[in-house]
Each structure stands twice: as C-alpha cells, then as structure tokens.
Amino acid sequence: MKFFALPPQVHSFDTAREFWREFNIDAGDLVFTHQFIYEAYLKDLTPACEFLFYEQFGTGEPTHHLIDAVRLAISPHNYRRIIAVGGGTVADTAKFLALAGSDRTQDLLEKRAPLVKEKALIIVPTTCGTGSEVTNLAVVAVDEKETKFGLGGDAFYADSAVLIPELLVSLPYDYFFYSSVDALIHAAESLVSPRSNSYTELFSLSAIQMILASYRHVAEHGRESRFSQLRQLLVASNFAGIAFGNTGVAAVHALSYPLGGKYHVPHGESNYQFFLPVFRTYDRLRPDGQIGLLRQAIATSLALLDDREAGSALELLLGRLLPQKSLREYGMTPEEIDLFTDSVLEQQQRLLANNYVELDRACIRAIYEERY
Ligand SMILES: NC(=O)c1ccc[n+]([C@@H]2O[C@H](COP(=O)([O-])OP(=O)(O)OC[C@H]3O[C@@H](n4cnc5c(N)ncnc54)[C@H](O)[C@@H]3O)[C@@H](O)[C@H]2O)c1
Ligand SMILES: [Fe+2]
C-alpha cells in the first residue's frame, strides 16, 4: 500500500515580485488567473508572459464546457509553462491546460482518454482552502448530471506549489471562512480515512491545530484580525492538501457535490453544511476508532476539559465565525432530499469508499433531512 507522496516542490515567498524574479516568469509562460488578481498584484511586474483570465470563459466553479473552451483558446500556442494564480477554480482548470492532446474534458472524466501531462505547471493559491497545489485531483461540475466529479491522476500534480500570503489580502471574509473550513474538512476527513497513516496524520493534525487556533483568534478579535492569520492558514490548507491528497476525502464532499452541482453553492460553503452532521453520525456509529484522535485534537485546540464536548464547541465556534443557512434557503426542494441521496449513492462511490464507517441510505438521507 502506498503511504505517502509529495511530488510538487513547495516554495514560499513574501511577495509576488519575489516569486516572479525567482521563477523567471517570461515569454513562453502563460499565467492563468482572474482579472482582479492581475490588477491587484501582477500588472506592475512588467512581464513578457501572456495572461489569460478565467472570466473570459465564465463565472463560478469550472464545468467541463468551460475547461474545453479554455483548452481550445490556448491550443494554437506552444506555452512552456502554465502558471495558475487563483483559488481551486483556477488551479483545477489549469491542471487541464497542462495536459497533452485535445480530448474533451467529458472523455477524460469518463476515462475514455488518458491523462498525459505535457507542460510544466506551477500553482499559486489565492485562497486558503483546496490544497489543489499539492493534490493530483481536479474537480469539475457536470451541469447535465447536476453534480460534480473529482478526477485523479499523477498528470494532475503541479511541478511547483508556491505559497504567497500577500495574494490572500483581498480575499473577502466569507471566502476566507469557506475556503479555510474546506481545509479543516480535508484534514478531518483525511484523519479518519481508512487510508490515514502516520505520515498523513502529521499533516492533518497540524492543519487542524493551526486552523482552529486561527479561528479562535478571529472569533475573539473580530473579522479584520484575519489578516494576521493568512500566512498560517495558507500553510495549514497546504498541509491539509498534502494529507487528503494521500488519503482521499469522503462523505462530507460526496454529500456536498449535488448541492454544489445543482445550486452552484461554493465548494467550502457547501461542505460546511455537511461537516458536523457527517462526523456526528460517524461518532455515533463508531466512537472508539480514529475519530477519538479528532475529538482530542479539537479539545486540545479549543482548550476543552472533556473531549466529548468537541462537537458542540466546534459548532459554536464555526457559528460565531459564520452562521449556517438551511438547505431550503439555497432553493433545494423536499423531493431533492431523496434525489440527492440517490445521486450520492450512484455517482460518488469513489468518495464513499473513504468513509470512516459505511453510511447507508438511511444515514445519508437523515443528514440531508436534518440540514433541510
Ligand atoms: N483539486 C483539489 O484537490 C480540490 C480540492 C477541494 C476543492 N477543489 C475545487 O476547488 C474549487 C473551489 O476553490 P476555492 O475554495 O479555492 O475557491 P475559488 O477558487 O472558487 O474562489 C472563491 C471565490 O473567491 C474569489 N477569490 C479567489 N481568490 C481571491 C483573492 N485572493 N482575492 C479576492 N477574491 C478571490 C474567486 O474569484 C471566487 O469568487 C471548487 O471547484 C472545488 O470543487 C479542488
Ligand atoms: Fe474540498
């Protein structure tokens, strides 16, 4: 059994300018980013490279149609390196831009065509969430199926992951929270995964500790105090990416995909819906396994005397940072409680295989119902 891999090199710089200089960004490089990231951080670096903006192709998280359109747009050019500067949305799209060939994304998702990497790929995250810069995964929405799919393969590893905290300064509070809660979920799902091991535990436990320490700081000192936590959260989300990149994520992500796919709820916000109910169900079904480590990590980070209070204390802390909506507030209908349950069972077996304990139809349905 393979325990652990970290193929990308991890770099860190204080500023985008230092990164630009060190990596010799120049002609032959394509920088794929958002227009507002370019305006705020990159345009004064006087580069000879080319820029392409996500907004030229669409909004929201990547769909297979959007990825096909971006691949078509760059196909006449022979770029040496793809440099993605953005959150998981930009990073995951860029993973397809580094591939050889012109296969449709749908064919790649359905494994009718192989993933073959052709160009060097550098990923610079601008959210503190996905860890995509160190994983071999890309997540794509398929509107026709009203859900999202993860596709994994070593061709999706970046060559370099570059952490630059200054790029996160413009991240609005809500996305700061939603992306970091996604990282917390990556670390928690990794820690209790059947594939968790001593190597991934190191990264998942550190990520949990760092994220919860930052959350306590922000809960105590207010939203503006998040700026002092960006560096720590960027590293924590990278740690969580290293952990789950080796173990996979599970039910929280599986339940969140129909909601994200149908109602375009951002990834972290959608995961936040299911995080506590999934872990409470795990704890009820099997309290005496690896989940005890998670309870202890939360209890230590939140200075609790009794780890049985971990779930309720965490819920209180997360609610202080950003209250949760109910599923009906996103427009979900009562019939979709069953439809989403079926979608998870039929389409997300890849993720459900990583569950801490098996969740049957009744458990999954009950979680949707509770959040409804
Ligand atoms: N590949 C992986 O391993 C992996 C893991 C988890 C999630 N994902 C995928 O990643 C995507 C979500 O990525 P994300 O959570 O990083 O969010 P995102 O990239 O979608 O960004 C969230 C929002 O913040 C904006 N934004 C990003 N950086 C900003 C900055 N520095 N300043 C101001 N605004 C900024 C974006 O324009 C967007 O509106 C989803 O598609 C999800 O499925 C991938
Ligand atoms: Fe995620």
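1. Helix α11. In this predicted model, helix α11 spans residues 291-301, and its buried residues are Ile-291, Leu-294, Arg-295, Ala-297, Ile-298 and Ser-301. These residues occupy an arc of only 160° around the axis and therefore lie on the same side of α11. An α-helix has 3.6 residues a turn, so residues three or four places apart point the same way. The cover over the buried residues of α11 includes α6, α7 (198-221), α10 and α12 (310-321). After α11 comes Ala-303, which has a positive phi, near 55°.

2. Helix α15. A comparable analysis applies to helix α15, residues 361-371, in which Ile-364, Ile-367 and Tyr-368 are buried. Their arc around the axis is only 95°, which places them on the same side of α15. The packing partners of these buried residues are α9 (251-263), α10 and α13 (336-347). Helix α10 is thus named among the elements covering the buried residues of α11 and among those against which the buried residues of α15 pack.

3. Overall architecture. The protein contains 15 helices and 8 strands. Its radius of gyration is 20 Å, close to the 21 Å that the globule rule gives for 372 residues, so the protein is as compact as a globular protein of that length. The C-alpha trace spans about 55 × 45 × 45 Å along its principal axes. Of the 372 residues, 49% are buried. Where contacts join residues at least 6 apart in sequence, 76% of them link residues at least 24 apart.

4. Domains. The protein is divided into domain 1, residues 9-167, and domain 2, residues 172-371. A distance of 25 Å separates the C-alpha centres of the two domains. In the contact between them, 25 residues of domain 1 meet 30 residues of domain 2. On the side of domain 1 that touches domain 2, strands β7 (147-152) and β8 (160-163) each supply at least two residues. The largest share of that side, 3 residues, is contributed by β7. By class, the residues of this side of domain 1 comprise 8 nonpolar, 12 polar and 5 charged.

5. The shell around ligand 1. There are 29 residues around ligand 1, and those that come nearest are Gly-87, Gly-88, Thr-89, Ser-132 and Val-139. Two or more residues of the shell are given by each of α4 (88-97), β6 (137-142), α6 (173-191) and α10 (267-285). Among the elements, α4 gives the most, with 4 residues. The shell consists of 9 nonpolar, 16 polar and 4 charged residues. Domain 1 and domain 2 both give residues to this shell, so ligand 1 lies between them.

6. His-186. This residue is found in helix α6, one of the elements that give two or more residues to the shell around ligand 1. His-186 has 34 other C-beta atoms within 10 Å and is therefore buried, the cut-off being 20 or more. Apart from neighbours within four places in sequence, His-186 is in contact with Gly-131, Ala-240, Gly-241, Ala-243, Phe-244 and Val-249. The C-alpha atoms of His-186 and Ile-242 are 9.5 Å apart, although 56 residues separate the two along the chain.

7. Glu-146. The loop between β6 and β7 contains Glu-146. Phi of Glu-146 is near 50°, a positive value in a residue other than glycine. Glu-146 is partly exposed because 19 other C-beta atoms lie within 10 Å. Of the two strands that flank this loop, β6 gives residues to the shell around ligand 1, and β7 supplies residues to the side of domain 1 that touches domain 2.

8. His-264. A positive phi in a residue other than glycine also occurs at His-264, where the value is near 55°. This residue is found in the loop between α9 and α10. With 14 C-beta neighbours inside 10 Å, His-264 counts as partly exposed. The helices on either side of this loop, α9 and α10, are both among the elements against which the buried residues of α15 pack.

Methods. Residues are numbered from 1 along each chain as its sequence is written. Chains are lettered from A and ligands numbered from 1 in the order in which they are written. This is a predicted model: local features need pLDDT of at least 70, side-chain atom pairs count only at pLDDT 80 or more; totals for chains, interfaces and linings use all residues. A residue is near a molecule or strand if its C-beta atom, placed from the backbone, lies within 6 Å of it. Ala, Val, Leu, Ile, Met, Phe, Trp, Tyr, Cys and Pro count as nonpolar, Asp, Glu, Lys and Arg as charged, and the others, Gly among them, as polar. Domain bounds come from an automatic or database domain assignment. A residue is buried if 20 or more other C-beta atoms lie within 10 Å of its own, exposed if 12 or fewer, and partly exposed in between; C-beta atoms are placed from the backbone. The arc is that of the directions from the helix axis to the C-beta atoms. Two residues are in contact if their C-beta atoms, placed from the backbone, lie within 7 Å. The radius of gyration is taken over C-alpha atoms; the globule rule is 2.2 Å times the number of residues to the power 0.38.
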